[in-house]
2 protein chains.
Amino acid sequence: MNNPILVEVLRGPLVESRHRGAVAVADADGAAVLAMGDVTTPIFPRSAVKALQALPLVETGAADRYGFGNEELALACASHSGEAEHVAGVTRMLAKAGLDAAALRCGAHWPMAQSAVAMVARTTGEPSALHNNCSGKHAGFLCVACANGIDHADYWRPQHTVQREVRAVLEDLTGAELSEDRRAIDGCSVPTWAIPLQNLARAFAKFATGQGLAPERARAAARLRAACTHKPWHVAGTGRFCTEIMQLFGARVFVKTGAEGVYCGALPELGLGIALKCDDGAGRAAQAVMAALIARFLPLGDAERAARRGGGGGARALDRTAPCRNRRLADREPDQRV
Amino acid sequence: MNNPILVEVLRGPLVESRHRGAVAVADADGAAVLAMGDVTTPIFPRSAVKALQALPLVETGAADRYGFGNEELALACASHSGEAEHVAGVTRMLAKAGLDAAALRCGAHWPMAQSAVAMVARTTGEPSALHNNCSGKHAGFLCVACANGIDHADYWRPQHTVQREVRAVLEDLTGAELSEDRRAIDGCSVPTWAIPLQNLARAFAKFATGQGLAPERARAAARLRAACTHKPWHVAGTGRFCTEIMQLFGARVFVKTGAEGVYCGALPELGLGIALKCDDGAGRAAQAVMAALIARFLPLGDAERAARRGGGGGARALDRTAPCRNRRLADREPDQRV
């Protein structure tokens with residue numbers, strides 16, 4: 001099907017570019033609150049499900065064993081910018097399990113943050129696997145293995161116990177069957193499973209509320225959500241959309257970006273989960289759509305209104321649509337539901 | 001209208017993302033050789049028309065007055081990566097006109113090239129206007145003003161003599177009327193004019209052949225084209241698509257990227273111009289489409305085949321489609337025309 005145009009990019013008097021995509025907003029029972037475009041065809045959620053992939057870290061007791069607090073748990077859910085404190089945090093996580101960067105199999109890339117690129121250039125000259133935006137997730141996987149006496153060497157392979165457990169968690173939360181013909185390799189080497197947006201939205205509603213989850217899994221979800229919303233800088237980094245939105249809204253909003261135009265999120269007080277993908281993979285458009293969805297569904301409190309007027313990072317994040325213009329989302333009333 | 005899907009991005013067993021767009025290929029008379037999608041609605045060509053914007057630099061005698069060779073002329077047509085030799089070349093251009101970086105009004109941004117970012121970080125710590133990918137174009141504008149005794153202070157404003165001359169050149173080559181309601185501000189502060197793809201394709205056919213141009217303009221076009229195809233590194237930079245394609249094909253192909261998913265090009269031996277834009281502004285898709293168009297229209301010579309087999313930069317550029325897959329272009333015979 002033809003997904004609708006969700007975002008227009010403006011230049012002077014004209015629309016310069018256009019982004020199509022699909023959006024699903026659902027509750028924990030899977031009831032659709034909003035569905036735009038194709039929400040039933042499986043898409044790769046990429047890093048947008050890192051918080052779900054981190055559930056075994058808490059559930060298996062690994063996080064407790066290594067004394068992880070909010071920063072470490074947020075890093076396990078993060079696509080971080082490779083800034084100094086991100087690197088230091090992941091190094092600490094690995095050290096707790098008796099490991100170092102050599103155990104990571106995510107590969108190295110230059111940090112997302114320009115300031116971090118400059119720092120690496122001035123110091124070591126080359127980025128390491130610790131700078132990979134997924135290094136916290138990988139450290140989490142390694143910790144699950146080490147804390148539970150599992151050989152960690154092949155922790156990234158689909159058949160490894162850790163990845164099999166991650167797959168089972170994703171199936172539980174999304175209600176989707178993750179058959180082998182929906183499996184691909186993510187940018188950091190671990191499996192990524194194609195899942196319909198409507199299932200992903202439901203999964204994040206369950207993540208937000210605990211509804212439909214076993215008690216231990218619900219507690220783990222609440223703990224990871226609290227970690228991310230308390231330490232949003234560790235989930236992304238300076239100036240990033242995920243960070244600024246969660247800094248502004250605190251526990252009212254959870255958001256997580258994924259490569260190729262994916263965003264997932266949760267609005268706990270409404271019991272809703274959100275999942276969206278832009279057809280073309282554009283992150284700028286995914287941010288604009290997520291900002292519009294938050295503005296539509298979540299009445300701003302006094303604190304958020306004041307912060308927005310003050311023009312801080314959260315305001316920038318909410319106004320991230322400029323120079324993009326949301327189509328079809330902006331022209332509906334905030335509380336209007338399909 | 002709904003532009004067709006031109007490029008699919010693959011991950012494992014599935015199509016992960018899709019790029020729509022429009023393509024025009026035309027001869028110097030404006031006859032369409034290929035038209036896919038909407039080629040009649042004006043789009044902003046952005047940096048893809050820098051070689052046309054540089055015509056006054058040659059035509060007014062400024063390039064001769066300052067003794068510019070292929071490197072300087074290629075830089076005037078460039079979206080360069082801000083590598084050391086780009087910066088040095090633009091500095092030389094400005095010095096010939098008695099100016100320095102302070103005269104540039106393009107603004108500063110970090111270099112496109114990661115290696116250049118690292119070098120700036122290690123040395124000055126901050127990029128200058130010389131690192132702006134458009135600094136060569138701006139130096140060219142300044143040289144036109146200085147060589148012709150025109151106050152250069154406001155060289156970037158639409159009403160400045162230089163920009164009025166650029167507008168006249170664009171109208172001459174494209175045959176499009178550049179009314180004020182089609183004007184916006186480009187990323188580097190100068191005007192950008194919205195022009196239909198079919199007109200842009202015709203303009204580059206004229207640029208490639210000189211047909212339909214006054215003799216002096218035709219000579220200027222040939223000189224700029226020769227400069228770019230002789231010094232393709234100066235048009236873009238290390239590992240860039242424009243550079244690698246022109247390194248591989250030499251004078252047989254001229255290509256130039258523009259922001260927001262635009263590519264223009266010329267195939268002189270066929271008398272054809274090319275203009276394309278991806279709806280979503282994706283540069284990766286624009287490259288994939290241009291690579292497919294070149295492969296479709298231009299029979300590879302022995303040298304290009306050997307280079308491609310050798311796996312050098314040109315081969316990488318032609319194979320830039322991976323992990324993208326061209327749709328609708330790849331399934332036609334190379335010499336099939338609509």
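Okay, one bit of vocabulary to start: when I say helix, I mean a DSSP run of H or I that is at least four residues long, numbered from the N terminus. With that in hand, here's a detail to look for on screen: helix 5 of chain A is followed by Gly98(A), and the phi of Gly98(A) is positive, near 75°. And please keep in mind that this is a predicted model.

Let's stay with helix 5 for a moment. That's residues 84–96 of chain A, 13 residues, and at 1.5 Å a residue they should span 18 Å. The end C-alpha atoms come out 19 Å apart, which agrees. So which residues of this helix are buried? They are His86(A), Val87(A), Gly89(A), Val90(A), Met93(A) and Leu94(A). They cover an arc of only 165° around the axis, so they sit on the same side of helix 5 of chain A. And what covers them? The cover includes helix 4 (70–76), helix 7 (135–147) and helix 11 (232–235), again in chain A.

Since helix 11 came up, let's hop over to chain B, where helix 11 (residues 232–235) holds His234(B). Is His234(B) buried or exposed? Its relative accessible area is 8%, and the cut-off for buried is under 20%, so His234(B) counts as buried. If we leave aside neighbours within four places in sequence, His234(B) touches Glu71(B), Ala74(B), Leu75(B), Ala78(B), His80(B) and His86(B).

Now the aromatics. Searching the whole structure turns up 10 aromatic pairs over all chains. One of them is Phe204(A) with Phe254(A), a stacked pair, 6.0 Å centre to centre with 15° between the planes. This pair ties together distant parts of the chain: Phe204(A) is in helix 9 (residues 197–209) of chain A, Phe254(A) is in strand 8 (residues 254–258) of chain A, and they are 50 residues apart. Phe204(A) is buried at a relative accessible area of 0%, and Phe254(A), at 1%, counts as buried too.

Then there's an edge-to-face pair, Phe241(A) and Tyr263(A), 5.4 Å centre to centre and 75° between the planes. Here the link runs from helix 12 (residues 241–249) to strand 9 (residues 262–267) of chain A, with the partners 22 residues apart. Both Phe241(A) and Tyr263(A) are buried. Oh, and there's a cluster as well: Phe204(A), Phe207(A) and Phe254(A) go together as one aromatic cluster.

Phe207(A) shows up again in the largest nonpolar core, where it is among the residues with the most contacts inside. That core has 107 residues, and the others on that list are Val23(A), Val25(A), Leu57(A), Val255(A), Leu276(A) and Leu293(A). Helix 13 (residues 283–297) of chain A gives the most to it, 9 residues. Apart from this core lies another one of 106 residues, including Phe68(B) and Leu170(B).

Have a look at Leu276(A) too: beyond its neighbours within four places in sequence, its contacts include Val23(A), Tyr263(A) and Leu293(A).

Last topic, how the two copies go together. Chain A can be laid on chain B by a turn of 180° and a shift of 0.0 Å along the axis, with an RMSD of 0.0 Å. The two copies are therefore related as by a two-fold rotation axis. In chain A, the C-alpha nearest that axis belongs to Arg122(A), 2.6 Å away. And 100% of the interface residues of chain A are interface residues in chain B as well, so the copies meet through the same surface.

Technical notes. Residues are numbered from 1 along each chain as its sequence is written. Chains are lettered from A and ligands numbered from 1 in the order in which they are written. This is a predicted model: local features need pLDDT of at least 70, side-chain atom pairs count only at pLDDT 80 or more; totals for chains, interfaces and linings use all residues. Side-chain values use heavy atoms; hydrogens and water are left out. Helices (H or I, at least four residues) and strands (E, at least two) are DSSP runs, numbered from the N terminus. The expected span of a helix is 1.5 Å times one less than its number of residues. Buried means under 20% relative accessible area, exposed over 50%, partly exposed in between (1.4 Å probe, protein chains only). The arc is that of the directions from the helix axis to the C-beta atoms. Contact means heavy atoms within 4.5 Å. Rings of Phe, Tyr and Trp (its six-membered ring) pair if their centres lie within 6.5 Å; planes under 30 degrees apart count as stacked, over 60 as edge-to-face and the rest as tilted. Copies are superposed by least squares on the C-alpha atoms of residues with pLDDT of at least 70 in both. A nonpolar core is a set of buried Ala, Val, Leu, Ile, Met, Phe, Trp, Tyr and Cys residues joined through side-chain atoms within 4.5 Å.
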